[in-house]
Amino acid sequence: MSPRTGTRPARSAALRRGLATLRAHGPYVLVDRVAPRLGLRRLLVLERHTGSAAASSAYDLAGVTLRAWSCDEAALRALAELDAAGSTDPAARASRLLRYREQLARGDRPFVAERDGRPDALCWAAAGASPIAYLGCELRLRSDERYLYDAITRPDARGERLMPALYAHALAALARDGVTRAVTLVRPSNAPMLRAMARAGFSVCGSLAQLTIAGRVLHLGRPGVAYVPAV
Ligand SMILES: CC(C)(COP(=O)(O)OP(=O)(O)OC[C@H]1O[C@@H](n2cnc3c(N)ncnc32)[C@H](O)[C@@H]1OP(=O)(O)O)[C@@H](O)C(=O)NCCC(=O)NCCS
């Protein structure tokens with residue numbers, strides 16, 4: 001098969017996918033999806049100072065308990081099940097479980113919104129040096145800062161305000177331990193997360209970007225949080 005006949009169908013499939021994204025989500029999302037393939041990855045940095053954190057009681061969440069999650073093996077398995085919910089990949093649970101064990105070993109802590117004993121929404125809080133694999137860098141947090149990440153709500157519970165309530169709860173709990181500022185990183189095209197974060201009182205304070213060009217990796221942006229390129 002000539003290279004030409006091999007690439008044409010692939011190109012037209014990519015074009016069709018691009019047009020479908022453009023129609024469904026608009027140009028901003030299309031650019032955000034295409035840019036990483038051209039070597040540009042970018043995340044918005046959002047912050048919230050704990051002193052002004054919205055009370056999680058401001059959300060009407062009947063039957064939901066917001067809390068730090070226990071970290072035994074059974075509890076971690078429940079989190080991996082939540083994270084893999086809706087996935088058809090049988091390896092998804094196992095790989096998430098491994099990742100969660102590593103996060104726990106680093107000292108990161110999970111918070112959950114729980115209903116009938118089952119976690120329906122999850123986020124993790126990290127302190128100190130926190131790797132950001134997507135951007136090939138590491139956040140360097142002050143002792144009074146935390147990085148909130150890996151936010152996920154079970155697919156059938158989305159739109160119920162679980163994540164804003166969970167972030168508000170996590171902030172209030174962290175403030176009791178002396179934390180004054182939390183940051184989180186969100187892809188510019190992730191409208192649901194940006195809306196959930198706005199509701200939890202977070203606002204954009206910068207952006208972090210990685211540009212790979214001719215084999216060279218550059219870190220760009222006005223980050224709003226201390227970071228170093230990963231070695
Ligand atoms: C982003 C996410 C955590 C938001 O959690 P949530 O508990 O649904 O938060 P909210 O209830 O505040 O919903 C946020 C927005 O998502 C919308 N939404 C997205 N998917 C939805 C769905 N399947 N059903 C209902 N609403 C949905 C909501 O309507 C809401 O928008 P609105 O303010 O216009 O009503 C959740 O959509 C999710 O798990 N997404 C996949 C993982 C992800 O993107 N994580 C963030 C990584 S940075």
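This passage describes a helix, a small set of paired strands and the surroundings of a ligand in a predicted model.

Helix α4 comprises residues 92-106. At 1.5 Å a residue, its 15 residues should span 21 Å, and the C-alpha atoms at its ends are 21 Å apart, so expectation and model agree. Within α4, Arg96, Tyr100 and Gln103 are buried. These residues cover an arc of only 60° around the axis and therefore lie on the same side of α4. Such an arrangement follows a general rule: an α-helix has 3.6 residues a turn, so residues three or four places apart point the same way. The other side of α4 carries Ala94, Leu98, Glu102 and Ala105, which are exposed.

Three strands form an open sheet in the order β5-β6-β11, and their pairing is antiparallel. The edges are occupied by β5 (129-132) and β11 (227-229), each of which pairs on one side only. On average, neighbouring strands of this sheet are turned by 25° against each other, direction ignored. Strand β6 (residues 137-140) is joined to β11 by three bridges, the two strands running antiparallel. Cys137 stands opposite Pro229 of β11.

The ligand is surrounded by 18 residues, of which Thr153, Arg158, Gly159, Met163 and Pro192 come nearest. At least two residues of this shell are supplied by each of β7 (145-153), α5 (162-176) and α6 (191-199). Helix α6 provides the largest share, with five residues. By character, the shell consists of 10 nonpolar, three polar and five charged residues.

Conventions
Residues numbered from 1 in each chain as written. Predicted model: local features only at pLDDT ≥ 70, side-chain atom pairs only at ≥ 80, totals over all residues. Pairing = 2+ DSSP bridges. Helix = DSSP H or I, 4+ residues; strand = E, 2+ residues; numbered from the N terminus. Axes fitted to C-alpha atoms, helices over the stretch in contact; angles between N-to-C directions. Near = placed C-beta within 6 Å. Nonpolar A, V, L, I, M, F, W, Y, C, P; charged D, E, K, R; others polar. Expected span 1.5 Å × (residues − 1). Buried ≥ 20, exposed ≤ 12 C-beta atoms within 10 Å, placed from the backbone. Arc of directions from axis to C-beta.
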